[in-house]
Amino acid sequence: MNPATTLAPWGRVHVVRGERPRQIAFSSGTPARVVIGSETSNELCLRGPEVAPRQLDLVWDGANLWIEDALRLGRTFVNGYLLNEWVAILGHAVVSFGPMRIWLAAG
């Protein structure tokens, strides 16, 4: 395989419903941590009575995107399944809690 044609790992987060559209992109080899919730100091602040101050933790390890329900409140779903531990996002996923929808993708 030609190294010039090899795609580097990437990840994306898009708020698609329940809040104004926003996105965060992750680059290969550049780790990042994003806290999603209603607290104004979070990297991604979402407003609404259904959003906990620290709803979700996202970790981009430089090659893979991981998500966790920070408080394990039992009301966050990934592709319709309850999120109760760290989950790697393979391909794409829709995260939902209340009316909020966040699209995650990694490749």
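**Exercise 1. In which sense do strand β1 and β2 pair, and over how many bridges?**

Solution. The model is a predicted one.

- Step 1. Find strand β1, residues 10-17.
- Step 2. Follow its pairing with β2: the sense is antiparallel, over six bridges.
- Step 3. Pick one bridge. Gly11 has Phe26 in β2 as its bridge partner.
- Step 4. Look at the turn. The hairpin of β1 and β2 has four residues between the strands. There, Gly18 takes a positive phi near 95°.

**Exercise 2. Find the ring under the charged end of Arg12.**

Solution.

- Step 1. Go to the charged end of Arg12.
- Step 2. The ring beneath belongs to Trp10. The charged end sits 4.7 Å from the centre of that ring.

**Exercise 3. Describe the aromatic pair of this structure and place its two residues.**

Solution.

- Step 1. Count. A search of the whole structure gives one aromatic pair.
- Step 2. Name the partners. They are Phe26 and Trp60.
- Step 3. Describe the geometry. The centres are 5.8 Å apart, and the planes make an angle of 20°. Planes under 30 degrees apart count as stacked, so this pair is stacked.
- Step 4. Place the residues. Phe26 lies in strand β2 (residues 22-27), and Trp60 lies in strand β5 (residues 56-60). The pair therefore ties together parts that are 34 residues apart in sequence.
- Step 5. Check burial. The cut-off for buried is under 20% relative accessible area. Phe26 has 7%, so Phe26 is buried. Trp60 has 1%, so Trp60 is buried.

**Exercise 4. Work out which strands stand at the edges of the open sheet.**

Solution.

- Step 1. Read the order of the five strands: β4-β3-β5-β6-β9. The pairing is mixed.
- Step 2. Look for strands with a single partner. These are β4 (44-45) and β9 (87-89), which stand at the edges. One side of each is therefore left without a neighbour in the sheet.
- Step 3. Examine the β4 end. Strand β3 (residues 32-37) pairs with β4 in the parallel sense, over two bridges. At one of the bridges, Gly37 has Cys45 in β4 as its partner.

**Exercise 5. Is Thr76 buried or exposed, and what surrounds it?**

Solution.

- Step 1. Locate Thr76. This residue is in the loop between β6 (65-69) and β7 (77-78).
- Step 2. Check the area. The relative accessible area of Thr76 is 0%, so Thr76 is buried.
- Step 3. List contacts, leaving aside neighbours within four places in sequence. Thr76 touches residues including Gln55, Leu56, Asp69, Tyr81 and Phe97.
- Step 4. Single out Gln55. Its side chain joins that of Thr76 in a polar contact of 2.9 Å.

Definitions and conventions. Residues are numbered from 1 along each chain as its sequence is written. This is a predicted model: local features need pLDDT of at least 70, side-chain atom pairs count only at pLDDT 80 or more; totals for chains, interfaces and linings use all residues. Side-chain values use heavy atoms; hydrogens and water are left out. Buried means under 20% relative accessible area, exposed over 50%, partly exposed in between (1.4 Å probe, protein chains only). A polar contact is a pair of N or O atoms within 3.5 Å; within protein, one must be able to donate a hydrogen and the other to accept it, and residues adjacent in sequence count only if both atoms are side-chain atoms. Contact means heavy atoms within 4.5 Å. Rings of Phe, Tyr and Trp (its six-membered ring) pair if their centres lie within 6.5 Å; planes under 30 degrees apart count as stacked, over 60 as edge-to-face and the rest as tilted. A charge sits over a ring if NZ of Lys or CZ of Arg is within 6 Å of the ring centre and within 35 degrees of the ring normal. Two strands pair if DSSP finds at least two bridges between them.
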